[in-house]
Amino acid sequence: MLGDAKMFAHPAWPTPWPPMRIDQRNAIAYRMALVAAGAFDAAVALSPKHEWDLAAGVLIMREAAGVAVDHKGRALRFNTPRALCPSLVCAGPALAPLILARTQPIDLPD
């Protein structure tokens, strides 16, 4: 899993995350490419990301038959006035619903 280890360990999660290897990469598009390539199972970010940082990664994930959506499962929107996406869940089609079941109840600012 690619993401912030502190986020996954936070006590506010109703159900703790299972034991897993968590790693961090600075560039969000690089994280998405690593998931698309199969080097990691998923990437989760619960903080806003600029559209220009996500656009190429979304294309790569789509070409790899993966899922790249916000934490509510909504398609990422581009060319918005704020140019920000609220969050990211990036995973294969089998794993994405399991991650989204944990992230969908979270309320984040749009």
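The legends below describe close-up views of a predicted model.

**View 1. The open sheet contains 3 strands in the order β1-β5-β3.** The pairing in this sheet is antiparallel. Strands β1 (42–45) and β3 (67–69) are the edge strands, and each of them pairs on one side only. On average, neighbouring strands of the sheet are turned by 5 degrees against each other, direction ignored. Strands of a sheet pair through backbone hydrogen bonds, and the pairing can be parallel or antiparallel.

**View 2. Strand β1 is joined to strand β5 by 4 bridges.** Strand β5 covers residues 88–91 and runs antiparallel to β1. One position to look for is A45, which stands opposite L88 in β5. In the order of the sheet, β5 is placed between β1 and β3.

**View 3. Helix α4 covers residues 96–103 and has buried residues.** The buried residues of this helix are A96, I99, L100 and T103. Seen down the axis of α4, the buried residues fall within an arc of 100 degrees, so they line one face of the helix. The face turned away from this buried side carries L98 and A101, which are exposed. What covers the buried residues of α4? The cover includes strands β1, β3 and β5. These are the strands of the open sheet in View 1.

**View 4. F8, W13 and W17 form one aromatic cluster.** The count of aromatic pairs comes to 2. A pair of aromatic rings is described by the distance of the centres and the angle of the planes. F8 and W17 form an edge-to-face pair, with 5.0 Å centre to centre and 85 degrees between the planes. For W13 and W17, the ring centres are 5.2 Å apart and the planes lie at 85 degrees, so this pair is edge-to-face; planes over 60 degrees apart count as edge-to-face. Are these residues buried or exposed? F8 and W17 are both buried, and W13 is buried as well.

**View 5. The charged end of R102 sits over the ring of W17.** The distance from this charged end to the centre of the ring is 4.7 Å. W17 also belongs to the aromatic cluster with F8 and W13 in View 4, and W17 is buried. R102 lies within the residue range of helix α4, 96–103.

Conventions
Residues are numbered from 1 along each chain as its sequence is written. This is a predicted model: local features need pLDDT of at least 70, side-chain atom pairs count only at pLDDT 80 or more; totals for chains, interfaces and linings use all residues. Side-chain values use heavy atoms; hydrogens and water are left out. Two strands pair if DSSP finds at least two bridges between them. Helices (H or I, at least four residues) and strands (E, at least two) are DSSP runs, numbered from the N terminus. Axes are lines fitted to C-alpha atoms, for helices over the stretch in contact, and angles run from 0 to 180 degrees between N-to-C directions. Buried means under 20% relative accessible area, exposed over 50%, partly exposed in between (1.4 Å probe, protein chains only). The arc is that of the directions from the helix axis to the C-beta atoms. Contact means heavy atoms within 4.5 Å. Rings of Phe, Tyr and Trp (its six-membered ring) pair if their centres lie within 6.5 Å; planes under 30 degrees apart count as stacked, over 60 as edge-to-face and the rest as tilted. A charge sits over a ring if NZ of Lys or CZ of Arg is within 6 Å of the ring centre and within 35 degrees of the ring normal.
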